[in-house]
Amino acid sequence: MRSLAVAVLLLVSVLMAETQESAYYRAMKAEEAGDIPEAVKAFEEAAALPGPYTAEIQDIIREYKIALGQVDSVESPEIESSIEDEVSPWSFHVMGDLGFYGLHYSEYDGIDRTSEFGGDVFLNVNPFVEYSVGDWTHSFGMNVTGDWFVANDDMPALDTCDWKLALGLEYSLLGPSILVDLGVDFVKSQGGNFLPAFYGWVEQDFFRFEKQRFGLAAWAYYDTDGPMSYALYGSWHRFATQGWNGAVYIGTRLEADSVLDYKRYLADYELAYDAVYEESIYGSYDNSQDYNWNNFENGYQFGDTRDPMGQCLAERGPECFSMDPYVLDSLYRSKNENKGNGKEENEKKDSEAVSVVVPVPKYYGMWIGPTLRSKISYKFKTNITLEGRLNLFYGFILDGPDSDYEKIRKFNGTWGLMSYWKPGSVSIYLGVEQLYRRYQLPAYYKNVYAESSLLTQLKVGFKWDI
C-alpha cells in the first residue's frame, strides 16, 4: 500500500535527519578551515536542532555576530529575538508528493505469459506539527493519499481498481539515540469500506562514529484485511549534507497473508459442478415425497430390472445408503441411458452451458526468512541527488493449506534508481523501480501459479516540504 510506503519513506528521512552533534561538528570543521560564514551558518543550524549544546552554541553565535559587527553588544535585542525564533519548541510543516507511475506488469514461466500496461496518478499530503523539549522531539501528523489508476481495465492480472484513498494518523518520538514511530492508515478502495492498517517502528542507536550510526530496529505491520509483517534488523546509517549517504537494514522477516486453498477449491468446484450439471440434463426432482427404501414404486415399478443401488455401491461405496432414490436414479441414467442413442453430444453441449460459482476458500499462510533493506545516495553541490535502492526477501513457508504448497519457496526483490533536483523547498524527481517475485514451485503447482512476475514502474513527479 502506498500509505505504508510513504510512512516508511518519512520514517527513513527522520532517521537520517542531521543531529545537533553532527551539525556542531560540521561547524567546528568549517571554523578550523577558516570559512567563518559557513561556520556561522552551521552553528545556527545546530542551534535550531534539539540537543544538549543549545546554550553553548547560542553563546558562540552571539560572539561571532559581535565580532563581525552585525550587532553592538551581547544584549542586542536582534540576537535575542533571532535566537528565540530559532529555538521555538513548536514547528509546523506540510510535506507532499504529486506524481505519476507508468506501470508494466508481466507474468511468465509455468503458465501463459501475461503482459499488461497501465498507470497510477497519486497525491500525498502530510501535514505535521513538532514539539521539542530538550533532546526530545514529538511529532504529530496526518497523512492523506489518493490513487487514481489509469487504463486499469487492461490490467486484470495486476487486479487494480479505479481508485484508492488512505487517511492516516502518525506519532513519532525522536530522542538522542532512539526513534519510535506509530501510526494507523484507514484505506478504502473502490467498492470497499475503510479498513485500518496499523504499523510501528522502533530504532535504537548503540554506537556512533563521526557521521555513522549503528543500532537495532524492529518493524511491525498489520492490515485487518489480511497481510501482516514483522521484522528485526541490525541498522547502519551515514549522513552528510553533501556526498555519500546511506541506510542499510539486515535481519529476519516474518510475514503472513491469505492464500488460495487450491485443492479444496477444486474439490468444492467439482461437487458443485456435478450437482448443477445433473440438474441441467435431467431437471430438478421433487424430493418432498416420502421415499421408502422398502418400496420402490416411485422409481422402479412394472418389473424394472435396473439396479441403481448396485451400480452406486460398486462406484462410490457405503455413501450410497445415505442417498435419496432420485439421486441414485440420476446417477444410473447419466451413465447408462445416454449410451448408443446419440446423447453423448447433447451431454457435451449441456456441460459447456453449465455455470458454477463457488466461494474461494482462503488459508492464512506464514513465511519467514532473511531480509535486506538499503538505500544509498550521493548529493552533489548542485542540489542534485542520485539514489539507489535494494530490498530483498527470501521466504520459507511455515504454514500452508496443503503439503505441496508448503514446499514452495519465494524470493521478492525491489531495486531502482532515482534522481532528485531540489532548487528550493520543492524537489523534482525522475526514476525507475522494479518489483520482482520468483516462486520455486513443486510439480503439483507448476501450472497453477506463474513462477515469475515483474512490475516495472517509471516514476516522475515532485515533492515539497514547507
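This report describes how several strands pair in a predicted model, and then turns to a nonpolar patch on its surface.

## Partners of strand E1

Strand E1, which covers residues 90-108, pairs with strand E2, residues 114-133, in the antiparallel sense over 18 bridges. Within this pairing, Ser-106 has Ser-115 in E2 as its bridge partner.

E1 also pairs with strand E14, residues 452-465, again in the antiparallel sense, and here the pairing extends over 14 bridges. In this pairing Tyr-105 stands opposite Leu-455 of E14.

## From E2 to E4

Strand E2 runs antiparallel to strand E3, residues 136-150, and 13 bridges join the two. Val-133 stands opposite Trp-136 in E3, and the two strands form a hairpin with two residues between them, where Gly-134 in the turn has a positive phi of about 60°.

E3 in turn pairs with strand E4, residues 163-174, in the antiparallel sense over 12 bridges. Here the bridge partner of Asp-147 is Lys-164, a residue of E4.

## A nonpolar patch on the surface

A nonpolar surface patch of about 720 Å² is made by a set of residues, among them Leu-98, Leu-123, Phe-380, Trp-421 and Phe-462. Strand E11 (384-399) and strand E13 (426-440) each supply at least two residues of this patch.

Phe-380, one of the patch residues, is found in the loop between strand E10 (362-379) and E11. Its relative accessibility is 37%, and Phe-380 therefore counts as partly exposed, since that class lies between the cut-offs of under 20% for buried and over 50% for exposed.

Definitions and conventions
Residues are numbered from 1 along each chain as its sequence is written. This is a predicted model: local features need pLDDT of at least 70, side-chain atom pairs count only at pLDDT 80 or more; totals for chains, interfaces and linings use all residues. Side-chain values use heavy atoms; hydrogens and water are left out. Two strands pair if DSSP finds at least two bridges between them. Helices (H or I, at least four residues) and strands (E, at least two) are DSSP runs, numbered from the N terminus. Patches are made of residues with over 30% relative accessible area and no salt bridge: like charges are joined within 9 Å, nonpolar side chains (Val, Leu, Ile, Met, Phe, Trp, Tyr) within 5 Å. Accessible areas come from the Shrake-Rupley method with a 1.4 Å probe; for residues, only the protein chains shown count as cover. A salt bridge is a side-chain nitrogen of Lys or Arg within 4 Å of a carboxyl oxygen of Asp or Glu. Buried means under 20% relative accessible area, exposed over 50%, partly exposed in between (1.4 Å probe, protein chains only).
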